[in-house]
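Student: I'm new to this structure and would love a close look at one part of it. Could you walk me through its pockets?

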Amino acid sequence: MSKLTLSAIATITALAFSAGAHAEKIAIIGGTVHTMTAQGTIEDATVLIEDGKISKVIAQEVSTDASYRVIDAKGKVITPGFIGAYTSLGLVEVPSWAGTNDSSVGKSDLHAALDATAAVNPDTTLRNISRIEGITSAATSIGYSDTIYKGRGAIITLGDDVDPVMKKRAFMSIDLSNSGADVSGGSRAALWLDIRNALNEAIYAQSITFTPQTEWHGTLSKANVQALIPVIKGEMPLLVKVHRASDIRRVIKLTKNFKRLNVTLVGASEAWRVADEVAAAGMSVILNPESNLPYTFEQNGATLANAARLNDAGVNVAIGMSTHNIRLAPQHAGNAVANGLPWQAGLASLTTAPAKIYGIDNRVGSIKAGMQADVVIWSGDPLEVMQAPTNVIINGEEVPLESRQTKLRDRYLKIDNEKPQQYTRP
């Protein structure tokens, strides 16, 4: 098919986005575009970016005018930016070092009310490490607390924004696994009473307008019970860390009593054993597809086929639950594909699946007009470990493919013999 010019396409010339912070206009021409929409995969397509958003996806190559910076993507693969499904990005650098770890909360009166938004640091070195491997946004949450509650997490961009928070108080995390039982007196017998009591108190509290003078006799504090109100209304996703099949069945039973809960299972090593029940309950799952060992007693049924079996049952599966190594999420998805997950579902596990969980699928996770311009151009199959991004665009701005690690590599690849090594800047 011959090339068209922009001026020849009325619908394209009609695009008139106002100039703003993201003023650069980018045209990605050629390549195979996985839109993750009803348009499917398009060969030799053109993606136009303007004012930080995707302005047009054209099912053929076009010639642009001089106002566009053209990126030649012939022979390459184009995907939406990947989403870190469950991380503590921006909250932790060195977990064992005080002052660099805001993902761990010890003794505190705040449990459900913990708010990760206030702790996010946009200057984390993990940002560059992650984004040069195709991760452009992430869900971030408290990783440890001394209760079952990990508080309210946020969605962040890995772009250069001074304020990286895309969606604050985006979800609530709780731990109903072995580790949750450990901080509940050592037994699930206490843990389940705790969570049921908390949800019942939130139901009661939703009709109360709280002030400092409001009389309240619940077991939860005012701040904690108020934080749970959007959860029991189904307005805030509830992420539940759980592994063993019997615990997952109990979570499903919980949703029958609290019908408006919007639950996503996290970890879920034995979810495949109850895949049909999880699907019938409408739950999504965020998992590590490479978890196939009985690391704990609650994971005896762990298998590399977990993602594939859940997908076969119709469960929305997201992959990518790490912080320092979230950059490996595409590799993990590739291994899930090697163990039965369809390739397109593997790509969805990094894009549309997490976007759907957090209710941000109208903003990121796919390539179509109006979406935030988080786009990655790959040298080849993004789920193949030997392929890598050649261009990463976040919020319509192309970011440099460098990190502290690449600078260190370059420092010793390009040694300046005229001065001592310590005076050679990367």
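Student: How do the residues of the lining of the second largest pocket divide into nonpolar, polar and charged, and which residues are they?

Tutor: Happy to help! Please keep in mind that this is a predicted model. The lining of the second largest pocket divides into seven nonpolar, two polar and three charged residues. Two stretches of its lining are easy to find in the sequence: Arg 327, Leu 328, Pro 330 and Gln 331 are among the lining residues, and so are Pro 382, Leu 383, Glu 384, Val 385, Gln 387 and Ala 388. Glu 133 and Trp 378 complete the lining. The volume of this second largest pocket is about 160 Å³.

For context, here is the UniProt record. An unreviewed entry there carries the annotation "domain: Amidohydrolase-related" for residues 260-398. In the model, that span is 25% helix and 17% strand, and its end C-alpha atoms lie 40 Å apart.

Now let's turn to the largest pocket, which holds about 460 Å³ of space. It is lined by 25 residues, and those closest to its centre are Tyr 86, Ser 88, Ile 142, Gly 143 and Tyr 144. Two or more lining residues come from each of strand 10 (82-87), strand 13 (144-145), strand 15 (165-175) and helix 3 (178-182). Strand 15 contributes the most, with three residues. By class, this lining has 13 polar, nine nonpolar and three charged residues.

Definitions and conventions
Residues numbered from 1 in each chain as written. Predicted model: local features only at pLDDT ≥ 70, side-chain atom pairs only at ≥ 80, totals over all residues. Heavy atoms only, no water. 1 Å grid on protein atoms, 1.4 Å probe; cavity = no way out; pocket = protein on both sides within 12 Å on 5 of 7 lines; lining within 4 Å. Points joined across faces, edges and corners; volume = space filled by probe spheres on them. Helix = DSSP H or I, 4+ residues; strand = E, 2+ residues; numbered from the N terminus. Nonpolar A, V, L, I, M, F, W, Y, C, P; charged D, E, K, R; others polar. UniProt positions renumbered as here; feature names shortened; annotations may be inferred.
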